[in-house]
Amino acid sequence: MYARRFGHKLRRGFTLIELIVFIVIVSVGLAGVLSSLNVSVRGSADPLQPKQALAIAEAMLEEVLLKPYTPVPVYVASCPATCDRPQFDDIDDYANYGPVTAASIDGSITVPGYTVQVRVPVATVAIGAVAMKQITVTVVPPSGAANAISLTGYRADY
């Protein structure tokens, strides 16, 4: 009313103080959001190596468990000297396999930085009345042996 009475035009908008307060509030909120985003991004790659190592170990253990229990005389491996994985035809061929770079069975796909080792002891393990062979697969990711994944499986002759 004062402005009309004295002939002044009404001005609409923000004052400088309101604008500064708005900028401060938005900056504080943005800083909070970015700091929480930074924490989540920093830790997002951490599970990649253990998950990849676990997937490699599971695949290798499954490969070994699918082989026949009893030795097949067609190919006898004595790793590391004669260790041709595509020709492995029984569990005993994997006895001293590795450590080698993780790869597909034919070697066409490799996973650099990950090493695989398989151990199948000569002695069998008795679980109940059933004799079994214990298979241990260990995968070491690029982050080192402290983060190695080791899986153990048992294969019976049936």
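I began at L16 and found this residue in helix α2, which covers residues 16–44. The model is predicted, and I keep that in mind for every entry.

**Entry: L16.** Is L16 buried or exposed? I looked up its relative accessible area and got 63%. L16 counts as exposed because that value is over the 50% cut-off. I then checked L16 against L54, 38 residues further along the chain. Their C-alpha atoms lie 59 Å apart.

**Entry: V24.** I found V24 in helix α2 too. Its relative accessibility is 48%, so I filed V24 as partly exposed.

**Entry: surface patch.** Which residues join L16 and V24 in a nonpolar surface patch? I listed L19, I20, F22, I23, V26 and V28. With L16 and V24 included, the patch has about 770 Å² of accessible area together.

**Entry: core.** Next I turned to the buried side. In soluble globular proteins, nonpolar side chains tend to be buried together. I looked up the largest nonpolar core and noted 24 residues. V116, V118, I135, V137 and V139 have the most contacts inside this core. Which elements each supply at least two of the core residues? I noted α3 (48–65), β1 (96–103), β2 (110–119), β4 (130–140) and β5 (149–156). The largest share, 6 residues, comes from α3.

**Entry: V118.** I picked V118 from the core and left aside its neighbours within four places in sequence. What is V118 in contact with? I wrote down M60, V64, Y94, A95, N96, Y97, I135, T136 and V137. Two of these partners, I135 and V137, are also listed among the core residues with the most contacts.

Methods:
Residues are numbered from 1 along each chain as its sequence is written. This is a predicted model: local features need pLDDT of at least 70, side-chain atom pairs count only at pLDDT 80 or more; totals for chains, interfaces and linings use all residues. Side-chain values use heavy atoms; hydrogens and water are left out. A nonpolar core is a set of buried Ala, Val, Leu, Ile, Met, Phe, Trp, Tyr and Cys residues joined through side-chain atoms within 4.5 Å. Buried means under 20% relative accessible area, exposed over 50%, partly exposed in between (1.4 Å probe, protein chains only). Helices (H or I, at least four residues) and strands (E, at least two) are DSSP runs, numbered from the N terminus. Contact means heavy atoms within 4.5 Å. Patches are made of residues with over 30% relative accessible area and no salt bridge: like charges are joined within 9 Å, nonpolar side chains (Val, Leu, Ile, Met, Phe, Trp, Tyr) within 5 Å. Accessible areas come from the Shrake-Rupley method with a 1.4 Å probe; for residues, only the protein chains shown count as cover. A salt bridge is a side-chain nitrogen of Lys or Arg within 4 Å of a carboxyl oxygen of Asp or Glu.
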